[in-house]
Amino acid sequence: MIQQNIKDENSLLVCPECKNAVDLSRYPNLAPGMVVECNHCGMTLLVKEIMSKEIKADIVDEGK
Ligand SMILES: [Zn+2]
């Protein structure tokens, strides 16, 4: 039986800004509500939803 983890090894977070896959190795305990930084464009992203193969995130407007 496969144990269901919060973040699958194959989960990909595609940066909404630059469309590159964000390196999540720095975020081993990724969870919705967490903020990550795109290692390609430096954009700050708020994790919205974590699914088995895909992670959804919104761009955080740091100007607020
Ligand atoms: Zn990016």
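**Figure 1. Overview of the predicted chain, with 0 helices and 4 strands in its secondary structure.** The model shown is a prediction. Along the sequence, the strands follow one another in the pattern β-β-β-β. The chain has 64 residues, of which 14% count as buried. Among the contacts with a separation of 6 or more, 34% link residues that are 24 or more positions apart.

**Figure 2. The open sheet of 4 strands, arranged in the order 1-4-3-2.** The pairing within this sheet is mixed. Which strands stand at the edges? They are strand 1 and strand 2; each has a single partner strand, so one side of each is left without a neighbour in the sheet. Strand 1 runs parallel to strand 4, whereas strand 3 and strand 4 run antiparallel. Strand 2 and strand 3 also pair in the antiparallel sense.

**Figure 3. The parallel pairing of strand 1 with strand 4.** Strand 1 covers residues 12–13, and strand 4 covers residues 54–59. The two strands are joined by 2 bridges. L12 has E54 of strand 4 as its bridge partner, and L13 stands opposite I55 in strand 4.

**Figure 4. S11, in the segment before strand 1.** Is S11 exposed or partly exposed? S11 has 16 C-beta neighbours inside 10 Å and therefore counts as partly exposed. Leaving aside residues up to four places away in sequence, S11 touches I50, S52, K53, E54 and I55. Two of these contacts, E54 and I55, are also named in the pairing of strand 1 with strand 4: E54 is the bridge partner of L12, and I55 stands opposite L13. S11 and M51 are 40 residues apart in sequence, yet their C-alpha atoms are 7.2 Å apart in space.

**Figure 5. The hairpin of strand 2 and strand 3, with 6 residues between the strands.** Strand 2 spans residues 35–37, and strand 3 spans residues 44–50. These strands pair over 3 bridges in the antiparallel sense. V36 has L45 of strand 3 as its bridge partner. Within this hairpin, G42 takes a positive phi near 80 degrees.

**Figure 6. The hairpin of strand 3 and strand 4, with 3 residues between them.** How many bridges join strand 3 to strand 4? There are 5 bridges, and the strands run antiparallel. Two of the facing pairs can be followed here: L46 stands opposite D58 in strand 4, and V47 stands opposite A57 in strand 4.

**Figure 7. The largest nonpolar core, made up of 9 residues.** The members of this core are L13, C15, V22, V36, C38, L45, V47, I55 and A57. Strand 3 and strand 4 are the elements that give two or more residues to the core. Several core members have already appeared as facing pairs in the sheet: L13 stands opposite I55, V36 is bridged to L45, and V47 stands opposite A57. V22 touches L13, C15, V36, C38 and N39, with residues up to four places away in sequence not counted. Of these contacts, L13, C15, V36 and C38 are listed with V22 in the core.

**Figure 8. K19 and L30, in the loop between strand 1 and strand 2.** Is K19 buried or exposed? K19 counts as exposed because it has 9 C-beta neighbours inside 10 Å. Most residues other than glycine have a negative phi. K19 has a positive phi of about 65 degrees, although it is not a glycine. L30 has 17 other C-beta atoms within 10 Å and is therefore partly exposed. The C-alpha atoms of L30 and V47 are separated by 8.2 Å, and these residues are 17 residues apart along the chain. V47 is also one of the residues of the largest nonpolar core.

Technical notes
Residues numbered from 1 in each chain as written. Predicted model: local features only at pLDDT ≥ 70, side-chain atom pairs only at ≥ 80, totals over all residues. Buried ≥ 20, exposed ≤ 12 C-beta atoms within 10 Å, placed from the backbone. Contact = placed C-beta atoms within 7 Å. Pairing = 2+ DSSP bridges. Core = buried A, V, L, I, M, F, W, Y, C linked by C-beta atoms within 7 Å.
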